[in-house]
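Student: Please take a close look at one chain of this model, starting from its strands and working outward. I would like a single connected account rather than a list.

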Amino acid sequence: MNETSLFSAAFLTALFSSGVRQSIPLIYGSVGDTVSERSGVMGISLEGEMLFGAFFAYLFALRSGSLWVGVLMGAVAGMLSSLIVAVWSVLFRQDQSIVGIMFNILATGFTNFLNRMIFGTSNANISIDTFQPIAIPGLSKIPVVGEIFFNQDILAYLSVVLAAAVFFVLRRTKLGLQLGAVGENPRAAQAAGIPVYRVRVLSYMFCGFAAGVAGASLTLSTVGTFTEAISAGRGFICLAIVILSRWNPLTALVASFGFGSIQALQIRLQVQGSALPYQVFVALPYLITVLVLALAGHNIRAPRELGVPFEKESR
Amino acid sequence: MKRIFSLAMALVLTLGLMTACGSSGDTTSSNGSSAESGAAAGERTTVTKIAVLLPGSITDESWNQTAYEGLQQIEAMGYETAYTENVGSNDMEAVFRSYCEDGFDFVIGHGAQYGDACCRVAVDYPDVNFFITGNAPEDVPAEELPENIMFADYRECEGAYVCGVVAGLMTESGKVGYVGGGNNTTQQSDKNAFIEGVASVNPEAEVKSVITGTFDDSALGKETAIAMMEEGVDVILQTCDHTGLGVLEACSENGIYCLGYTTDQSTLVSDGLCLTSMLIDIPTMISSQIDLIKAGGYGGQTFPGLHDGVVSMSAFSDKVPAEVAEQVNAIIDQIKSGELVITPNYSET
Amino acid sequence: MKRLSFFRESLAHYQGASRARKLVILLLSVAAAMLVGSVLILAVGANPLEAYYYMLIRPVTSISSIGEVAMYFTPLLLVGIGVAFAFHAKLSNLGGEGQMLFGALGMTLVGIPPVGEALGMWSLPLGILLGILMGALWAAVAGFFRVRFNASEIVVTLMLNYIAKQFISYVVFYPLRSGAEPQSARIVASLPKLYEGSRINWGVILALLLTVGYAVVIRRTRFGYHLRALGGSRRAAEYSGVKKNRYYFLALALSGALCGLAGAVQISGNTMRLMEGVAGDFGFSGIVVAMLGSLHPAGMVIAALFMALLEAGSMTMQVRTGIPVSFTSVLEALIVLFILLGMAISAAQSKRKKVSKT
């Protein structure tokens, strides 16, 4: 046990590149949820959409032999499954938390069911080759930083592109303004001629799409196979990240990286050996999230109509 | 006022329903089990229907799947079988009771955590035989334990010790790793025996251990294994089901040795990197219990291990040199003959 | 009361619509769910009629199986009314699980030897009280964060679940461990049974009484009035002199108190020992109870009964038909989703009727 290694360049490089890897599903999930929450729909069901994405991404990647087909189909599966939530909570105006909770139960059971129908009880030995890191010429040669940020797989780079694109759309385009209007004051939005239901359903489908990619990243860039309940609570972490980042996709990117890094750190602290019980380390990421929320949480203001079903005025 | 009234009505209805159904069903439930199982009271020497309670999912390639597949072999022998997955602590008693009510005459709780709930149920179903794959609750006096339960704390730790020996002999860096899922007696004694096994052949070697706190997060398992490799670990034992599958994936990708758990996991890892697996022979375990039941007077405590064939080691991969294999086999023989005794150590190290 | 406006409205419409019509729509939605479920059951090679018999009817045919339904009913109802208090103030308490775990810890601390032996029978009421207190305190952490830092209670309660889980894992592994297995010793005094030959216990009565208490507090007291006012419109409530922060804090603490009680009941009526996972999924399914029951006391009792029947029934179905647990949960979720659909349709129907009348 050499304590000095804790702050060596090699240790930090390894720590933060693991942090980046672990943050990828969180980035996709939280960026997607940012969009849908801006329009007023909460992504309690993120967890379930991730599972659908993870399973179908694995299935199609395996069957087609192409990782990209897998990612695409995972995203489509996430999107289509999110339609259930959208129909129930937007069109039928049911409470989003109950629909989300039920959807998550459905998704867990259904993906397990499909997994066993198709692969029997043993799919772990049908593993696929995952996405490999791509070193970006030039940038990846920068000491420490290069290895951490510029030697990742393609889904990592795309997650940054997605966050930036969503940031741009939300801030700079008419679509973004409409989205915000629907989340802040749907009645006024409707009066201004914005199709409230359509915007909410579409933004929620986008969230499902992103969650599908998040799931795909678990099976296709990390594990290489589907294991039951593989999302393991990441959907809920995304919800926390969205609030922590104040509905800003770029901040969500940073917050996801932070969470991933703390997770990477807690594993490494255990590896280094410690007298503390392991439960302290497992709880560490959550403890820090709560503390950050306390320190940086002043004046958080959610979209005003977040979680409120909207009823069209009858004319 | 109207609302309060309607509430009161609802309460009365609820209670009414419960009492009404209660009184009508009273007579059937008390003798339901013996009538359905057809066993003569107090004899408990027949086995027709076998049920297993599992703590996790049957696709984990490990603890639960081994039990599930073992159960299927038992079914092929002509018994009626059933299982319930993911039985958590608040459902344990309910599931035990469901099976007893349904006329199952041999109910197995796969894990020491089921012991306490089983004790409460076994008293109500004296005609059913129970089998717990773990210790009896230690704070319950032996004379208070129901007679119809057999507690088998099988010596999985003997297998873990052998794994430790293999790891200790095979490591080049002098660093080996253990990845666990959570805390229960089996996990704890496995970890301690593994460390002991490593130390017995390679006192200088260091064991790095991580408890992930989950049995379901394969992505986290993979990152955990990677973190260990960064520290120079070159042999890893995992005992954490789905999470462990991620560990195996990382070993496979990075060319690091690993050791399989409860089932032969060599097919999950490329290039023979899975040096050997400790195997739990569930069919042997269950069928030996059935023999005991048929002999009469079933119950008590037993500690089957390598000696009884319940725990065994799979064939070594081609990465294991002959002299290492020889040394390991010698140790296995010592344990089998009782020359070397591995006592389970449940305490945190 | 924006968040819940739909439920309030739908409830109002619901009460306005003809009773027969409501019932027909609800029954139709359950039938639709079962029809979809049948297709899936056939796909796994089981008999749908048999499966549904074991899921919905068998659990109420004997006293012992009704006792099993009650084992789910009690915590579901307690968590349901617990989160309902918070929902009235427009707060989402997703931390029922963590609060239950702390409630369970409270019960255990008083219930196990040596404290339990010294107290004898008194360890039961005292344990329940400590459970309530600890549940309330754990929720009060979220309340404090909400009031002091304006931090979203949704995130804090969710995160506190993870922390509570690890804390309980630590507690049963180190200080409270009894024997080899990571679990506490057995508690000395458990909740007395209502009938011999069944697991049904006084927890049920306790939960039903507290539901009456909930109705009285929400409808008949200043506190309840202010809580609802705060949920309706924060500004209006502040004008009328409601101290917003105090009520937020109290609503969350009260919510946690009931979840804590649910945890204490789990220990004293079900597992008898503290171990990991004693809270099950009740933290979330309790929310379903509150919402399905539209926060209405009688509605929540019915919703909890229904959910408990589904939970116990799906267990029975799994045991008897061999359909895997993961699959029975799909059926459960489908049924609830279809009922929500039925509620939405019947609300829309009665509304249309009203509009056409005027």
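Tutor: What follows is a look at chain B, beginning with its confidence values, and then at the core and at another chain contact.

The model is predicted, and chain B has a mean pLDDT of 85, with 87% of its residues at 70 or more. Two stretches of chain B stay under 50. One is residues 1-5, for which the model has 2 contacts beyond four places in sequence. The other is residues 11-41, for which the model has 44 contacts beyond four places in sequence. Where pLDDT is low, the predicted coordinates should not be read in detail. The contacts counted for residues 11-41 of chain B belong to a stretch with pLDDT under 50.

Strand β1 of chain B covers residues 49-53, and 4 of these 5 residues are buried, so the strand is largely enclosed by the rest of the structure. Two strands of chain B pair with β1(B). With β2(B), residues 80-84, the pairing is parallel and runs over 5 bridges; within it, B:A51 stands opposite B:A82. The connection from β1(B) to β2(B) passes through helix α2 of chain B, residues 63-76, and this β-α-β crossover is right-handed. With β3(B), residues 106-109, β1(B) pairs in the parallel sense over 4 bridges. There B:L53 is the residue opposite B:G109.

Next comes the nonpolar core. The largest one has 346 residues, and those that touch the most other members are A:M102, B:I236, B:C251, B:C258 and C:A304. Helix α4 of chain C, residues 63-88, gives the most to this core, with 17 residues. For B:C258, the contacts beyond its neighbours within four places in sequence are B:I236, B:V247, B:L248, B:C251, B:V269, B:L273 and B:C274. B:I236 and B:C251, which are contacts of B:C258, are also listed among the core residues that touch the most other members.

Last is the contact between chains C and A. Here 40 residues of chain C are in contact with 39 residues of chain A. On the chain C side, the elements that give two or more residues are α1 (2-16), α7 (123-149), α8 (153-173), α13 (282-292) and α15 (325-357). Of these, α15(C) gives the most, with 13 residues. By class, the side of chain C that touches chain A has 30 nonpolar residues, 7 polar and 3 charged.

Key:
Residues are numbered from 1 along each chain as its sequence is written. Chains are lettered from A and ligands numbered from 1 in the order in which they are written. This is a predicted model: local features need pLDDT of at least 70, side-chain atom pairs count only at pLDDT 80 or more; totals for chains, interfaces and linings use all residues. Two residues are in contact if their C-beta atoms, placed from the backbone, lie within 7 Å. Ala, Val, Leu, Ile, Met, Phe, Trp, Tyr, Cys and Pro count as nonpolar, Asp, Glu, Lys and Arg as charged, and the others, Gly among them, as polar. pLDDT is the predictor's confidence in each residue, from 0 to 100. A residue is buried if 20 or more other C-beta atoms lie within 10 Å of its own, exposed if 12 or fewer, and partly exposed in between; C-beta atoms are placed from the backbone. Two strands pair if DSSP finds at least two bridges between them. A crossover is right-handed if, with the strands pointing away from the viewer, the path from the first strand over the helix to the second runs clockwise. A nonpolar core is a set of buried Ala, Val, Leu, Ile, Met, Phe, Trp, Tyr and Cys residues joined through C-beta atoms within 7 Å.
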